[in-house]
Amino acid sequence: IKELLGLRNSTPSRCQKVRNKATDKLNDVQEKLKILKGIEKTLKKLILDCEQNKTADCCPILENMEAK
């Protein structure tokens, strides 16, 4: 945001520069959200596996982490 505000006093093409920077930032945020959604999906699956495996001696979450 500081970088965008710094462009307010620059050249006449500042709107294009600001739009480009905002678009780049949006792309970064969307990529991070995609990664976080994948993590969320994996965690939900591991938690469900753990809840369905209450009587077992092993922990599905730990088994999955050890396998990687």
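## Exercises on a three-helix chain

K37 is exposed, with a relative accessible area of 55%. This residue returns in Exercise 3. The model is predicted, and the exercises start with its confidence.

**Exercise 1. State the mean pLDDT of the chain, and find where confidence is lowest and where it is highest.**

Solution.
- Step 1: The chain has a mean pLDDT of 83. A value of 70 or more is reached by 81% of its residues.
- Step 2: Confidence is lowest in helix α1, residues 2–6, where the mean is 69.
- Step 3: The highest confidence belongs to α2, with a mean of 91.

**Exercise 2. Describe the order of elements along the chain, and give the share of its residues that count as buried.**

Solution.
- Step 1: The chain contains three helices and zero strands. Starting at the N terminus, the order is α-α-α.
- Step 2: α2 covers residues 14–52 and α3 covers residues 60–67.
- Step 3: The chain has 68 residues, and 4% of them count as buried.
- Step 4: About 6,300 Å² of the chain is accessible surface, and carbon and sulfur atoms account for 59% of that area.

**Exercise 3. Determine how many salt bridges there are, and which residues are joined into one network.**

Solution.
- Step 1: A pair counts when a side-chain nitrogen of Lys or Arg lies within 4 Å of a carboxyl oxygen of Asp or Glu. The count by this rule is three.
- Step 2: K37 pairs with E40, with 3.6 Å between the closest N and O atoms. The two residues are three apart in helix α2, so about one helical turn separates them.
- Step 3: E40 also pairs with K44, at 3.5 Å from N to O. Here the spacing is four residues within helix α2, about one turn.
- Step 4: In the pair of K45 and D49, the closest N and O atoms are 2.8 Å apart. Both residues lie in helix α2, four residues apart, again about one turn.
- Step 5: Shared partners link K37, E40 and K44 into one network.

**Exercise 4. Sort E40, K44, K45 and D49 into buried, partly exposed or exposed.**

Solution.
- Step 1: The cut-offs are under 20% relative accessible area for buried and over 50% for exposed, with partly exposed in between.
- Step 2: K44 has 54% relative accessibility, so K44 is exposed. K45 has 52%, so K45 is exposed too.
- Step 3: E40 has 34% and is therefore partly exposed. D49, with 24%, is also partly exposed.

**Exercise 5. Identify the residues that make the nonpolar surface patch, and classify L43 and I47 by accessibility.**

Solution.
- Step 1: The patch is made by V29, L33, I35, L36, I39, L43 and I47. Its area is about 620 Å².
- Step 2: L43 is in helix α2. Its relative accessibility is 46%, so L43 counts as partly exposed.
- Step 3: I47 is in helix α2 as well. With 42% relative accessibility, I47 is likewise partly exposed.
- Step 4: I47 also gives a reference distance to P60: the two residues are 13 apart along the chain, and their C-alpha atoms are separated by 8.3 Å.

**Exercise 6. Locate N53, and list its contacts beyond neighbours within four places in sequence.**

Solution.
- Step 1: N53 sits in the loop that runs between α2 and α3.
- Step 2: With neighbours within four places set aside, N53 is in contact with C58 and P60.
- Step 3: The relative accessibility of N53 is 26%, so N53 counts as partly exposed.

**Exercise 7. Count the disulfides, and explain why the sulfur of C59 has no bond to the closest cysteine sulfur.**

Solution.
- Step 1: The structure has zero disulfides.
- Step 2: A disulfide requires two cysteine sulfur atoms within 2.5 Å.
- Step 3: For C59 the closest cysteine sulfur is in C50, at 4.6 Å, and that is too far for a bond.
- Step 4: C59 is partly exposed, with a relative accessible area of 26%.
- Step 5: Another cysteine, C15, has 53% relative accessibility and so counts as exposed.

Key:
Residues numbered from 1 in each chain as written. Predicted model: local features only at pLDDT ≥ 70, side-chain atom pairs only at ≥ 80, totals over all residues. Heavy atoms only, no water. Buried < 20%, exposed > 50% of the residue type's maximum accessible area, 1.4 Å probe, protein only. Contact = heavy atoms within 4.5 Å. Patch = residues over 30% accessible without salt bridge, like charges linked within 9 Å, V, L, I, M, F, W, Y side chains within 5 Å. Areas by Shrake-Rupley, 256 points an atom, 1.4 Å probe, with all protein chains shown as cover. pLDDT = per-residue confidence, 0-100.
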